[in-house]
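Visitor: I am new to reading protein models, and I would like a close look at a single part, taken slowly. Could you choose one helix and walk me around it, and then show me a few other places for comparison?

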Amino acid sequence: MKILISDKMSDKVEDVLKSKSIEYDIKTGMAPEELKSVIDQYDGILIRSATKLTAEILADCKNLKVVGRAGVGVDNVDLDTATKNKILVMNTPLGNLEATAELTIGLMFSLYRHIHLANQSTHDGKWEKSKFMGTELKGKTLGIVGFGNIGQRVAEMASVIGMKIITNSNSASDEDLSKLGASKVSTEKLLTDSDVLSLHTKLNDNTKNMLNKSSIGTMKPSAVIVNCARGGLINEADLKDCLNNDIIAGAAIDVYEKEPATENVMFGAKNLLLTPHLGASSKEAQSNVAIDVANQVADYLKENKIINNVNSF
Ligand code: MLT
């Protein structure tokens with residue numbers, strides 16, 4: 001039984017595999033052809049987001065039994081092909097929950113108090129104290145798209161700050177909503193009423209480009225958008241236009257349609273705070289997801305124990 005680790009992850013992954021007497025190889029940064037040529041020598045593969053398990057790479061797999069994603073999003077795995085070839089795909093939905101929620105809240109504070117802009121200005125020796133008069137989050141309305149683990153944790157943190165929480169999630173249960181003092185509204189109302197709109201939903205055909213010129217155009221001119229979920233949920237060119245034309249007041253973006261985003265149409269837009277997909281980048285989160293994914297995959301291969309699977313057959 002052998003596992004391939006094809007993306008950089010915390011050393012904790014090795015500790016778990018060793019403790020379970022599972023052999024592994026670490027080969028990161030492989031080109032797709034190389035990955036395709038070696039992948040089926042393994043029983044399992046552990047990935048983060050850099051490895052793309054496309055239909056082509058998974059197509060001829062007969063021996064590979066499981067893909068373990070150290071993280072939440074499995075948009076880098078072709079689930080149809082995995083399912084067809086009876087390859088179980090698992091994620092680790094809880095390990096980076098706190099890290100992503102904390103970054104989201106941090107970005108909201110930064111947009112509302114202009115921390116990112118004031119930092120550069122102060123480094124430049126300008127001392128622009130009155131230019132950076134901010135606004136408080138307390139009393140403002142936070143619109144959450146996607147009321148899963150991360151969306152709910154953001155809601156919980158924001159309610160402590162004193163924000164009013166609304167969501168358009170169809171799957172949010174009455175119990176979860178009332179626990180967090182949140183209310184369910186239509187997508188139209190979510191857009192028109194939010195002071196901060198934060199995305200925590202999956203990228204799929206229904207959500208792709210959900211924020212575009214026309215939807216953003218219905219938001220308040222004072223509103224800001226935060227996206228720590230997935231690039232592609234927002235039309236990047238449209239967001240740039242909306243920011244530069246004061247349709248909304250600002251945005252913080254951690255995720256991009258194409259990553260790594262060494263070039264991007266949004267670069268240089270007005271009051272746009274950018275970070276390089278740092279949502280899960282905390283020491284704690286990386287350790288959590290590495291331990292979780294190694295345990296889950298090992299337990300599946302050794303004991304056929306299934307948890308956090310995103311497909312089934
Ligand atoms: C996730 O899906 O878990 C996060 O976006 C972090 C990552 O891609 O590793």
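Guide: Before we begin, one term is needed: a residue is called buried when its relative accessible area is under 20%, and exposed when that area is over 50%. Please also keep in mind that what you see is a predicted model.

Let us start with helix α1, which covers residues 12-19, and in which V13, E14, V16 and L17 are buried. If you look down the axis of α1, these buried residues fall within an arc of 160°, so they line one face of the helix. On the other side of α1 you will find K18 and S19, which are exposed. The cover over the buried residues of α1 includes three strands, β1 (2-5), β2 (23-26) and β3 (44-47), together with the helix α12. Just after α1 ends, the chain reaches S21, whose phi is positive, at about 55°.

The helix α12, which helps to cover α1, also leads us to another part of the model, because α12 (283-303) and α5 (97-113) are the elements that give two or more residues to the lining of the second largest pocket. That pocket has a volume of about 150 Å³, and its lining includes E98, A99, E102 and L103 as well as E284, A285 and N288. The largest share of this lining, four residues, comes from α5. Sorted by class, the lining of the second largest pocket consists of four nonpolar, five polar and three charged residues.

For a buried residue in a strand, turn to N227, which sits in β10, residues 224-227. N227 has a relative accessible area of 1%, and since buried means under 20%, this residue counts as buried. The side chain of N227 reaches the backbone oxygen of R230 at 3.0 Å. If we leave aside its neighbours within four places in sequence, N227 is in contact with L199, L233, I234, A252, I253, D254 and V255.

For an exposed residue, look at P260, which lies in the loop between β11 (250-253) and β12 (272-274). P260 has a relative accessible area of 66%, and is therefore exposed, as the cut-off for that word is over 50%. Finally, you can trace from P260 to K189, which is 71 residues away in sequence and, from C-alpha to C-alpha, 34 Å away in space.

Terms used
Residues numbered from 1 in each chain as written. Predicted model: local features only at pLDDT ≥ 70, side-chain atom pairs only at ≥ 80, totals over all residues. Heavy atoms only, no water. 1 Å grid on protein atoms, 1.4 Å probe; cavity = no way out; pocket = protein on both sides within 12 Å on 5 of 7 lines; lining within 4 Å. Points joined across faces, edges and corners; volume = space filled by probe spheres on them. Nonpolar A, V, L, I, M, F, W, Y, C, P; charged D, E, K, R; others polar. Buried < 20%, exposed > 50% of the residue type's maximum accessible area, 1.4 Å probe, protein only. Arc of directions from axis to C-beta. Contact = heavy atoms within 4.5 Å. Polar contact = N/O pair within 3.5 Å; in protein donor to acceptor, adjacent residues only side chain to side chain.
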